[in-house]
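Visitor: I should like to understand how the terms used for a protein structure are justified. Could you take me through one example?

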Amino acid sequence: AHPTVRIAAHRLRSPAMLMRWVLLLAAAAHADDHIHASHADIELARDFRVDKHHKIIVSNIGDEDLAFYYLGNEGNNGMEAEEPTWDMSETLCAVLGPDEEAGRFVRFRDSFVVRSADMKWRVRFHIIPSRFIEQPYGITFSNPMVEGESIIELKHHADAPVVPFGPGGQSSRAIPHGHRLELRDDSGRPRVAVEVHLPDEDE
């Protein structure tokens, strides 16, 4: 609830003064809404940091083997910060054949990369908090294939247009629990799909 505001009647006799108070109260209400949204973000971020009960599912939807690696946690300032938290190591999570999938518990700002067996096709992604309560997860995909002109295509859902991003480019989406994002190569072939789940709500 908003705090009670008492204003002396004689201060509101001027129309200009009255309008000023109306604008101030409106601004206070907007700020309160913003704080509540921030509290929700903080609560979800705390879940990621402490409970670690959010899970990603990475699926090979193509016809070639893929390797799925965990790169580390980028921290609040990202890998380009002066003192990044990533130590440049990689952990192999799984080698996925066609139609195979792997799961991993995650936190916000965990970063991953998926590579084809010949290393020619690659995509990196990390998970960030979203401002939207109904779509709490943000996933940013990056195209690290800067040695060529390979395009990655992101399919958000069946009715949405494909979003292409070239070498060095990125594409981000906010998604709800269990929503599936699909990535294709520059010939339109499906490669990999990524989902984020909150097991307690999905079960």
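Guide: Let us begin with surface. Accessible areas come from the Shrake-Rupley method with a 1.4 Å probe. In this predicted model, the chain exposes about 12,200 Å², and carbon and sulfur atoms supply 52% of that area.

Visitor: What is the make-up of the chain in helices and strands?

Guide: The chain has 2 helices and 12 strands. From the N terminus on, the elements run α-β-β-β-β-β-β-β-β-β-β-β-β-α.

Visitor: How many of the residues count as buried?

Guide: A residue is buried if its relative accessible area is under 20%. Of the 203 residues of the chain, 36% count as buried.

Visitor: Why is proline 164 called exposed?

Guide: The cut-off for exposed is over 50% relative accessible area. Proline 164 has 54% relative accessibility, and therefore counts as exposed. This residue lies in strand β9, which spans residues 163–165.

Visitor: Which residues does proline 164 touch, leaving aside those up to four places away in sequence?

Guide: Contact requires heavy atoms within 4.5 Å. By that test proline 164 touches Ile151, Ile152 and Glu153, with residues up to four places away in sequence not counted. The C-alpha atoms of proline 164 and isoleucine 152 are separated by 5.6 Å, although the two residues are 12 apart along the chain.

Visitor: What is the strand order of the open sheet of 6 strands?

Guide: The order is β4-β1-β12-β11-β8-β9, and the pairing is antiparallel.

Visitor: What makes β4 and β9 edge strands?

Guide: Each of them, β4 (101–106) and β9, has a single partner strand, so one side of each is left without a neighbour in the sheet. The twist from one strand to the next averages 20°.

Visitor: How do you know that β1 and β12 pair?

Guide: Two strands pair if at least two bridges are found between them. Strand β1 (residues 54–60) and strand β12 (residues 190–197) have 6 bridges in the antiparallel sense; the requirement is therefore met. Within this pairing, lysine 55 stands opposite histidine 197 in β12.

Visitor: What makes lysine 55 a charge over the ring of phenylalanine 105?

Guide: For lysine, the NZ atom must be within 6 Å of the ring centre and within 35 degrees of the ring normal. Lysine 55 lies over the face of phenylalanine 105, at 5.6 Å from the ring centre. Likewise, the charged end of arginine 104 sits over the ring of tyrosine 70, 4.1 Å from its centre.

Visitor: How many aromatic pairs does the structure hold?

Guide: There are 4 aromatic pairs. In one of them, tyrosine 70 and phenylalanine 112 have their centres 5.3 Å apart and 50° between the planes.

Visitor: Why is the pair of tyrosine 70 and phenylalanine 112 called tilted?

Guide: Ring centres must lie within 6.5 Å, and planes under 30 degrees apart count as stacked, over 60 as edge-to-face and the rest as tilted. An angle of 50° falls in neither of the named ranges, so the pair is tilted. Tyrosine 70 belongs to strand β2 (residues 66–73) and phenylalanine 112 to strand β5 (residues 110–116), 42 residues apart.

Visitor: Why is the pair of phenylalanine 112 and phenylalanine 125 called stacked?

Guide: Their ring centres are 5.3 Å apart and their planes stand at 25°, so the pair is stacked. Phenylalanine 125 lies in strand β6 (residues 122–129), so the pair ties β5 to a part 13 residues away in sequence. Ring pairs link Phe68, Tyr70, Phe112, Phe125 and Phe141 into a cluster.

Visitor: Are tyrosine 70, phenylalanine 112 and phenylalanine 125 buried or exposed?

Guide: Tyrosine 70 has a relative accessible area of 14% and is buried. Phenylalanine 112, at 0%, counts as buried, and so does phenylalanine 125, at 1%.

Visitor: Why is strand β7 described as largely enclosed?

Guide: In β7 (residues 137–142), 6 of the 6 residues are buried, so the rest of the structure largely encloses the strand. Both faces are covered: Tyr137, Ile139 and Phe141 are buried on one side, and Gly138, Thr140 and Ser142 on the other.

Visitor: Which residue is the bridge partner of phenylalanine 125 in β7?

Guide: The partner is phenylalanine 141. Strands β6 and β7 run antiparallel and are joined by 6 bridges. Strand β7 is also joined by 6 bridges to strand β10 (residues 170–175), again antiparallel.

Notes
Residues are numbered from 1 along each chain as its sequence is written. This is a predicted model: local features need pLDDT of at least 70, side-chain atom pairs count only at pLDDT 80 or more; totals for chains, interfaces and linings use all residues. Side-chain values use heavy atoms; hydrogens and water are left out. Helices (H or I, at least four residues) and strands (E, at least two) are DSSP runs, numbered from the N terminus. Buried means under 20% relative accessible area, exposed over 50%, partly exposed in between (1.4 Å probe, protein chains only). Axes are lines fitted to C-alpha atoms, for helices over the stretch in contact, and angles run from 0 to 180 degrees between N-to-C directions. Rings of Phe, Tyr and Trp (its six-membered ring) pair if their centres lie within 6.5 Å; planes under 30 degrees apart count as stacked, over 60 as edge-to-face and the rest as tilted.
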